Amino acid sequence: MRILLVEDDQLLGDGIATGLKENNYTVDWLQDGLSAVKATKHEHFDIIVLDLGLPKKSGIEVLKHLRQNKINTPVIILTAKDTIEDRVAGLDAGADDYLTKPFELQELCARLRACQRRVNSSINSEIMIGNVKLDTASHKMYINEINMPLSRREFSLMHKLLENPGKVVSRDILSQSIYGWGDDVDSNAIEVHIHNLRKKIGNSIMLRTIRGVGYIIEESE
Ligand code: CA
């Protein structure tokens with residue numbers, strides 16, 4: 001899952017970015033509102049974690065811009081001031097959730113999972129298709145209830161595909177969900193991960209290639 005973090009506080013931003021990466025998220029970190037607006041124009045993010053007090057464009061302005069331009073990426077706002085007005089303004093501008101500073105990383109991770117579940121309209125942290133179960137809280141995959149270890153990127157790919165069962169997920173979206181800006185990406189990296197995933201899932205579900213477009217997960221017949 002790829003997160004855009006917009007936070008101008010160096011220490012806090014660095015802490016959140018590092019913590020989220022340790023929790024298997026792909027994180028891109030920006031430090032002002034204007035860059036955030038520019039980034040969301042061309043890039044796909046699964047969730048945006050947005051500070052409200054930002055240079056160049058405030059968090060509320062960024063949020064309004066996103067919603068006006070029909071960018072519906074879930075947004076969790078970070079507010080320093082625990083005032084009702086602040087939170088109401090954020091939620092009214094289209095935020096999906098908020099966290100008041102200071103907060104624990106664990107709570108942010110839980111909010112991120114909750115946000116993702118609402119997007120997928122699932123009721124808990126598990127996604128199940130056929131006999132494959134993905135637990136998005138513990139980052140584990142089970143096949144017939146037996147744990148099948150996945151690398152961080154394999155897990156992210158599987159997550160993205162299982163969120164869209166029966167739908168083609170483009171190579172581009174998959175690539176953006178597992179690689180951030182600073183990452184070194186091999187041109188055939190996705191193919192390699194998919195190849196490894198296929199070996200791990202065997203014939204419990206089908207992971208098909210749609211040539212020139214992307215990949216699709218379907219239940220085995
Ligand atoms: Ca700030």
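# Loops, cores and a calcium site

User: In which loop does Pro 102 lie?
Analyst: Start with the chain as a predicted model. Its protein chain has 8 helices and 12 strands. Pro 102 sits in the loop between strand E5 (97-100) and helix H5 (105-119).

User: Which residue does a cis peptide bond join to Pro 102?
Analyst: Omega of this bond is about -5°. The bond is cis, and the partner of Pro 102 is Lys 101.

User: What radius of gyration does the protein chain have?
Analyst: The C-alpha trace spans about 55 × 35 × 30 Å along its principal axes. For 221 residues, a compact globule would come near 17 Å. The protein chain agrees with that, at 18 Å.

User: What share of the exposed area of the protein chain do carbon and sulfur atoms supply?
Analyst: Of the 221 residues, 47% count as buried. The chain exposes about 11100 Å². Carbon and sulfur atoms supply 49%.

User: Among contacts between residues at least 6 apart in sequence, what percentage join residues at least 24 apart?
Analyst: Contact here means heavy atoms within 4.5 Å. Counting the pairs at least 6 apart, those at least 24 apart make up 56%.

User: Which residues are the protein donors of the calcium ion?
Analyst: The donors lie 2.2 to 2.3 Å from the ion. Their spacing in sequence is D-x42-D-x1-G. Two of them give OD atoms and one gives O: Asp 8, Asp 51 and Gly 53.

User: How many residues apart are Asp 8 and Gly 53?
Analyst: Asp 8 is in the loop between strand E1 (2-6) and helix H1 (10-22). Gly 53 is in the loop between strand E3 (47-51) and helix H3 (59-68). The pair links distant parts of the chain, with a separation of 45 residues.

User: Is Asp 8 buried, partly exposed or exposed?
Analyst: Buried needs under 20% relative accessible area, and exposed needs over 50%. Asp 8 has 32% relative accessibility, so it counts as partly exposed.

User: Which side chains of strand E6 point to the buried face?
Analyst: Side chains alternate along E6 (residues 126-129). Glu 126 and Met 128 point to one face and are not buried. Pointing to the other face, and buried, are Ile 127 and Ile 129.

User: Which residue in E7 is the bridge partner of Ile 129?
Analyst: E6 and strand E7 (residues 132-135) run antiparallel, joined by 4 bridges. The hairpin has 2 residues between the strands, and Gly 130 takes a positive phi near 55°. Across from Ile 129, the bridge partner is Val 132.

User: Which residues touch the most other members of the largest nonpolar core?
Analyst: This core holds 25 residues. The elements that give two or more residues to it include E6, E7, strand E8 (140-143) and helix H6 (152-163). Touching the most other members are Met 141, Met 158, Leu 161, Leu 162, Ile 205, Leu 207 and Ile 217.

User: How many residues are in the other core, the one with Ile 48 and Leu 50?
Analyst: That core lies apart from the largest one. Val 62 and Ile 71 are also among its members. Its count is 20 residues.

User: Which residues, beyond four places in sequence, is Ile 205 in contact with?
Analyst: Both Ile 129 and Val 132 are on the list, and these two are bridge partners. The full set is Ile 129, Val 132, Met 158, Leu 162, Ile 217, Glu 218, Glu 219 and Ser 220.

User: Is Glu 163 buried or exposed?
Analyst: Glu 163 lies in helix H6. Leaving out residues up to four places away, Glu 163 touches Gln 116, Asn 120 and Ile 127. Its relative accessibility is 16%, and buried means under 20%, so Glu 163 is buried.

User: What relative accessible area does Lys 56 have?
Analyst: Lys 56 is found in the loop between E3 and H3. Its phi is near 70°, a positive value in a residue other than glycine. Lys 56 is exposed, with a relative accessible area of 67%.

User: What is phi of Asn 24 near?
Analyst: Asn 24 is found in the loop between H1 and strand E2 (26-30). Asn 24 is partly exposed, at 24%. Phi is positive although the residue is not glycine, near 70°.

User: What distance separates the C-alpha atoms of His 44 and Asp 14?
Analyst: His 44 sits in the loop between helix H2 (33-42) and E3. Beyond four places in sequence, His 44 touches Arg 2, Lys 160, Ile 173 and Gln 176. Asp 14 is 30 residues away along the chain, and the C-alpha separation is 21 Å.

Notes:
Residues numbered from 1 in each chain as written. Predicted model: local features only at pLDDT ≥ 70, side-chain atom pairs only at ≥ 80, totals over all residues. Heavy atoms only, no water. Buried < 20%, exposed > 50% of the residue type's maximum accessible area, 1.4 Å probe, protein only. Pairing = 2+ DSSP bridges. Donors = N, O, S within 2.8 Å, 3.2 Å for Na, K, Ca; no water. Rg over C-alpha atoms; globule rule 2.2 N^0.38 Å. Areas by Shrake-Rupley, 256 points an atom, 1.4 Å probe, with all protein chains shown as cover. Core = buried A, V, L, I, M, F, W, Y, C linked by side-chain atoms within 4.5 Å.
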